[in-house]
Amino acid sequence: MRLSQMLFLTLRDDPADAEIPSHKLLVRAGYIRRIGSGVYAYLPFMWRVLQRVSQIVREEINKIGGQECLLPQLQPAELWKESGRWDTYTKGEGIMFFLKDRRDQEQALGPTHEEVITTIARDMIRSYRQLPQVFYQIQTKFRDEIRPRFGLMRGREFIMKDAYSFHPDEESLKKTYQDMDTAYHNILRRCGLAFRAVQADPGAIGGSGSQEFMVLAEAGEDEVLYTEDGKYAANVEKAVSLPPDAEPSPFTSYEKRETPGTETIEKVCKFLKCSPTQIVKNVLYQTIFDNGMTAFVLVSIRGDQEVNDVKLQNELTKLAPQFGAKAAIKLIVPDAQAQSKLLKPLPLGYIAPDIADSHIIHAAKDIVPHFVRFIDKTAVDLKNFATGANESGYHVVGANWNEQYKVPEPIVDVRKSRPGDRSVHNPEQLLLSARGIEVGHIFQLGIKYSQAMGATYTNEQGEEKPLFMGCYGVGVSRLAQSAVEQSYDKDGIVWPVAIAPYQAIVTIPNVKDAQQVEIAEKLYAELNSAGIDTLLDDRDERPGVKFKDADLIGIPYRIVTGRAIANGKVEVVERKSRNSQEIDIAEVVSTIKEWIDAANG
């Protein structure tokens, strides 16, 4: 492609609404343009990148038996109500765009396609002889993000590869899950990215085992905890670890003490001259279940630890059937207004594990009339600990479980793991931290959707059984921007060779020099004929402008038909290393091809 014929515009200044380097650079380099909040146009350069990423994804999923299809973006609400996720995605998480058509029927713009593909499997799969099956698509998805940000990282419209597998049993599912794990490793390696596969929470998708694939980058929204031996890695939402040992308690007998102005752990430790590891703090939450029920939750945890909200929400979902619900869909720290409406005044900062249920105002039927109580494993073994006294300005010290307080049930692990914790698999290994951008997620769904939607098959014994399912996603547009976030410098983007929009750019310093133009045209034609996608910068611009633009858009190899042509050579600059060398004109094509092959492994 000739730059003189393209609608090509670069910006020297960062766009006002861009917060991270990759977002700034993609706008400045003419890859994307903002159309609305969280909605971007993919311009020609970006579309070429997305096509390259999609092709790598397509090749790797095809290798493991994936069958490509295209599923509808407009989905009937009835399917989502069958699976039980309509309220979760609309009223609960609120991330689904939905509408009523002219027939007054509810429809949704698909944020994901589990319901659609399960409907197809229900209609078409009859026998174990048809299993396993793997389907995938590369499709636009829609999610009504509360705060769209970071360009393509968190948009309301994005491109995703989603795959779904169907199996007769868990063993077959696990085999495909492992095949997908291998395929995802291959995809990210081929895209030239540094990444880490980590244990993850399945979230609203559900199921049992799940694993995220994180592109490592300082701007990543996710924190990854891992060990140096490479045997453990998990998203902080999922991570487990051994906390520091508790220090000995300085308290030898039970008593109530006046502790004015000690609403925080730091203040009470200073006042009582004790370690936070000898305090039981009691953290109040409010949760809403998918049937509209509201409950107040009290978590007793060791004073030096923090509650992991995702782990806590998962524990509440386990209890949801007790309240006629399927899942806890929202978890919040109740503000003063919510407390005043639903709770009698509480001694915040001084709450004890046995705060009375009578504090809950349960006039309404949709309020659980008692506190849902949990105790974290870090607090359950403490002896002679300090905790609130259920009275503002007072604590108790020297308390013990099963003496002053009944042990709350259930005992759970809801603490937030953090860097420096000891690893569970080897306490000598300490957890390290890295930032990551989630670009892929694979799930073992089991029978969650097939059972809810009646998708069954007949086994060898003639019995009707629910299909086992897997779900596997790659954010194609997010992966593309992640590559920029991982690889850029002060002058612009540094694309990995495999996914760059063009692999080479031939730059003519002076378009009025007939010899420069002639050699550039010849190389441009030869490179493209050899299968090397090449740009020709034939614009009537100053050489400095052309060189700056080439650096900004990040093309891996720049070939300059400048002064060196007098010696039968051209200057070739590698964008990544900035190494420059003069190469015989006759050897340019073979040299660039050799470099590309080496870069792509």
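Mentor: Two strands pair if DSSP finds at least two bridges between them, and the strands (E, at least two residues) and helices (H or I, at least four) are DSSP runs numbered from the N terminus. The model here is predicted, so local features need pLDDT of at least 70 and side-chain atom pairs pLDDT 80 or more, while totals for chains, interfaces and linings use all residues. Residues count from 1 along each chain as its sequence is written, and side-chain values use heavy atoms, without hydrogens or water.

Trainee: Happy to start with a sheet! In what order do the three strands of the open, antiparallel sheet stand?

Mentor: Strand 4 (74-76) and strand 5 (98-100) each have a single partner strand and stand at the edges, so one side of each lacks a neighbour in the sheet. Strand 6 (residues 106-109) pairs with strand 4 in the antiparallel sense, and strand 5 also runs antiparallel to strand 6. Read across the open sheet, the order is 4-6-5.

Trainee: Which residue of strand 6 is the bridge partner of Gln75?

Mentor: Strand 4 meets strand 6 over three bridges. In one of them, Leu74 is partnered by Leu109. For Gln75, the partner in strand 6 is Ala108.

Trainee: And what stands opposite Ala108 on the strand 5 side?

Mentor: Strand 5 is joined to strand 6 by three bridges. The residue opposite Ala108 there is Phe98.

Trainee: Which residue in the turn between strand 5 and strand 6 has a positive phi?

Mentor: These two strands form a hairpin, and five residues lie between them. The phi in question is about 65°, and it belongs to Asp104.

Trainee: Let's turn to charges. How many salt bridges does the structure hold?

Mentor: The count takes each side-chain nitrogen of Lys or Arg within 4 Å of a carboxyl oxygen of Asp or Glu. Asp533 with Arg52 is one such pair, its closest N and O atoms being 2.4 Å apart. In total the structure holds 47.

Trainee: How many residues apart in sequence are the parts that Asp533 and Arg52 tie together?

Mentor: Arg52 is buried (under 20% relative accessible area, 1.4 Å probe, protein chains only; over 50% is exposed and the range between is partly exposed), at 18%. Asp533 is partly exposed at 25%. Asp533 sits in the loop between helix 13 (514-529) and strand 28 (534-537), while Arg52 sits in helix 2 (residues 44-63), so the separation in sequence is 481 residues.

Trainee: What about Lys512: which residue is its salt-bridge partner, with the closest N and O atoms 3.4 Å apart?

Mentor: Lys512 lies in the loop between strand 27 (504-507) and helix 13, and its partner lies in the loop between strand 28 and helix 14 (543-553), so parts 28 residues apart in sequence are tied together. Lys512 is exposed at 66%, and the partner is exposed too, at 57%. That partner is Asp540.

Trainee: Which residues do salt bridges with shared partners join into one network?

Mentor: Lys490 and Asp491 bridge at 3.2 Å, N to O; Lys490 is exposed at 76%, whereas Asp491 is partly exposed at 24%. The network that shared partners build is Asp489, Lys490, Asp491, Asp551, Arg558, Arg575 and Arg578.

Trainee: Now for empty space. About what volume has the largest cavity?

Mentor: On a 1 Å grid over the protein atoms alone, a cavity is a set of points where a 1.4 Å probe fits but cannot get out; a pocket is an open set with protein on both sides within 12 Å along at least five of seven lines; lining residues have an atom within 4 Å of a point. Points join across faces, edges and corners, and volume is the space filled by probe spheres set on them. The structure holds four cavities of 30 Å³ or more. Ile20, Phe150, Met153, Ala219, Gly220, Glu221, Ile437 and Arg478 line the largest, and its volume is about 60 Å³.

Trainee: Which element gives the most to the lining of the second largest pocket?

Mentor: That pocket has a volume of about 480 Å³, and of its 26 lining residues the closest to the centre are Lys281, Asn282, Val283, Leu284 and Gly349. Helix 7 (265-272), strand 14 (279-289) and strand 18 (385-388) are the elements giving two or more residues. With seven residues, the top contributor is strand 14.
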